Amino acid sequence: MIYYPLSVLMLAGIKDILVVTRSIDLPGFRRLLGDGAHLGIRISYALQNVPEGIAHALTIASGFIGDQSVALVLGDNIFHGSGFSALVERHAKSVRGCVLFGYPVTDPERYGVGVTDADGRLVALEEKPTAPRSNRAITGLYFYDNQVVRIAQGVNRSARGEFEITDVNREYMRLEQATLVDLGRGFAWLDTGTADSLLEASQYVRTLEHRQGIRIACLEEIAVRKGYISLAEFARLGEQLASSAYGAYICELAKELDRSGGCGDAG
């Protein structure tokens, strides 16, 4: 699953990434991803052994964030769609306040939903409302300016004992600095937090990959298409994995890109 959130950040043009995880999972992520150099990015790691909320992860990352803006993506979310790379890259380049991404759903009462004014400014956040004023679920992708460090550190524990990201977003909303960007037709947002939703996501990915002959969230492909690594480096990564279907895909794509003389869009 880690490939999917990493792909979102890479598509947004973000090359300095912090993975916040549990100590039990850290060795596996290090073995899989290393320091990210093979992908032309930098990957660091931080621990959150107790599930104290998404806002708490931002305070853990405060030293990593420094005086910069930050993108946060949840590890169980999948985003896919034509033009997604250009969309997130545009918003990542100049973050003012808080930028959230909304996705239309038929059952908004199951989600946190956002309500906006005519200018797209967020005016209300409703958690699993019984009478939803909007059908736009808030996805697990968030862009924040540097105020988020101070705001996250000022959040109090909720009734369930966690530091909630919704409280961070509500503070930006109070400051009139929260924007909701719609992910409409042509995009897919999949939250794999339950067994059923994980099955649905795997079926979606499998069907699309088989029909179109592509790989969703292939980090090596994103790296070469974004210019993070050279075509030669990309081909070598494929050769290292050539005995697998994943590696064979990279090897074949490397040949196609070499023949065409270009890498094109990342997605």
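**Reasoning from values to terms**

Trainee: Why is Asp 117 counted as partly exposed?

Mentor: In this predicted model, Asp 117 has a relative accessibility of 24%, and because partly exposed covers the range between under 20% and over 50%, Asp 117 counts as partly exposed.

Trainee: What makes the pairing of Arg 121 with Asp 117 a salt bridge?

Mentor: The closest N and O atoms of Arg 121 and Asp 117 are 3.3 Å apart, and the cut-off is within 4 Å for an Arg side-chain nitrogen and an Asp carboxyl oxygen, so the pair qualifies. Shared partners join Asp 117, Arg 121 and Glu 176 into one network.

Trainee: How do you know whether Arg 160 and Glu 162, which meet in a salt bridge, are buried or exposed?

Mentor: Arg 160, at 60% relative accessibility, counts as exposed, since the threshold is over 50%, whereas Glu 162, at 18%, counts as buried, since that term requires under 20%.

Trainee: Why is Asn 77, in strand β4 (residues 77-81), called buried or exposed?

Mentor: Asn 77 has 1% relative accessibility and therefore counts as buried, the limit being under 20%. Leaving aside neighbours within four places in sequence, Asn 77 is in contact with residues including Tyr 4, Thr 139 and Trp 189.

Trainee: What makes the approach of the Asn 77 and Trp 189 side chains a polar contact?

Mentor: The distance between these side chains is 2.7 Å, and the limit for such N or O pairs is within 3.5 Å, so the term applies; the side chain of Asn 77 also makes a polar contact with that of Asp 76, at 2.9 Å.

Methods:
Residues numbered from 1 in each chain as written. Predicted model: local features only at pLDDT ≥ 70, side-chain atom pairs only at ≥ 80, totals over all residues. Heavy atoms only, no water. Buried < 20%, exposed > 50% of the residue type's maximum accessible area, 1.4 Å probe, protein only. Polar contact = N/O pair within 3.5 Å; in protein donor to acceptor, adjacent residues only side chain to side chain. Contact = heavy atoms within 4.5 Å.
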